[in-house]
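Student: Could you take me through one part of this model in detail, namely the cysteine pairing, and then add a short look at one aromatic residue elsewhere in the chain?

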Amino acid sequence: MALLPSFRLLPRATAPTSSPLSVRRTRPRGLALPRVRCCASGTPHPAAAARDTAVSWAGELAGAVPWKAAVSGALALAVSFTCFVADARTGVNKPELLPKEFTTVIDVAGFLSSGQENRLRQEIEDLEKDTGYKLRVLAQNYPDTPGLAIKDFWQVDERTIVFVADPTFGNIINFNIGPLVDLDVPRSFWSQVSGKYGNMFYWKEKGEDASIEAAVTAISRCLRDPAGTNNCSEVL
C-alpha cells in the first residue's frame, strides 16, 4: 500500500489586535490658559489686561473694565462693568489734586468750562434726589489724577457710579459701577454709552466735553427709567 505524504498542521494565525501602523497616539493635553478677566470687550486684549490691573481701587472695589470700548458706535462691549483707569499703570494717589470743597464733578484735565461743570453738577444733584443713585464725574489725563483719593473724597458706596473721562486708552468713557446699580441697570447699557459717546472718532470730532455731557445725559435718562425688562435698552 502506498503511503500518503503527511502534512504538518501549523497553528492557526490570529489577527493582530493592533497594527504597528495603527498605534493609537495619545493627544497631548492642551496647556491650561490663564483666565483673563474681561473689562470692556468680549475679546481679551493686552490693553484690556493693563486696564484690568488698574481697575477697582487697587482691588477693593469690583474691577472692571477696563472696559475696552469699541472704536465705533456700532460696536457693543460685553463688560465686567467697573472700569477705573485713574491708577492705570501704578496705583496713583494724589489727594493734593482734589478740590478743597466737596463737588460731584472734578475736572483736573480742563475738558469742561465752568458753565458746563455747573450744569453737570445740577443734573447730578437732581438725579440723586430723584433716584438715590450717586453719579460722580472725574475728568483726567493719566497720570495727572487724584486716583485712589477720590474713593474717600466721594464716599463711594454700593449706589455710586464713578464716571472717569480719560482719553489715555483711546475710549474716553470708563465706569466704576456700584453693585446695587449693577443689579438695576443692564450691563449692556454701559457698553453702549461707552461705544457711542466714548469712541475716539466721537470725542476727537466733537470734543471731550461733548462726550462727557452726552454720557451724563444718557445715564440720567437711564436711571430715571421705570424698572423693567426694557429699561435702559436704548442710548439716545
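Tutor: A disulfide is taken here as a pair of cysteine sulfur atoms within 2.5 Å, and in general a disulfide is a covalent bond between the sulfur atoms of two cysteines. The model is a predicted one, and by this rule the count comes to 1 disulfide. Cysteine 222 and cysteine 232 form this link, with their sulfur atoms 1.9 Å apart, a separation that falls within the 2.5 Å cut-off. The link of cysteine 222 and cysteine 232 is right-handed, with 90° about the S-S bond. Because cysteine 222 lies in helix H8 (residues 208-224) whereas cysteine 232 lies in the segment after H8, the pair ties together parts that are 10 residues apart in sequence. As for solvent exposure, cysteine 222 is buried, with a relative accessible area of 3%, and cysteine 232 also counts as buried, at 2% relative accessibility.

The aromatic residue to look at is phenylalanine 102, which sits in the loop between helix H2 (56-59) and strand E1 (105-107). Phenylalanine 102 is exposed, because its relative accessible area of 52% lies over the 50% that the term requires. Leaving aside residues up to four places away in sequence, phenylalanine 102 touches Arg136, Phe153 and Trp154. For one of these partners, phenylalanine 153, the C-alpha atom is separated from that of phenylalanine 102 by 7.6 Å, although the two residues are 51 residues apart along the chain.

Note on methods. Residues numbered from 1 in each chain as written. Predicted model: local features only at pLDDT ≥ 70, side-chain atom pairs only at ≥ 80, totals over all residues. Heavy atoms only, no water. Helix = DSSP H or I, 4+ residues; strand = E, 2+ residues; numbered from the N terminus. Buried < 20%, exposed > 50% of the residue type's maximum accessible area, 1.4 Å probe, protein only. Contact = heavy atoms within 4.5 Å.
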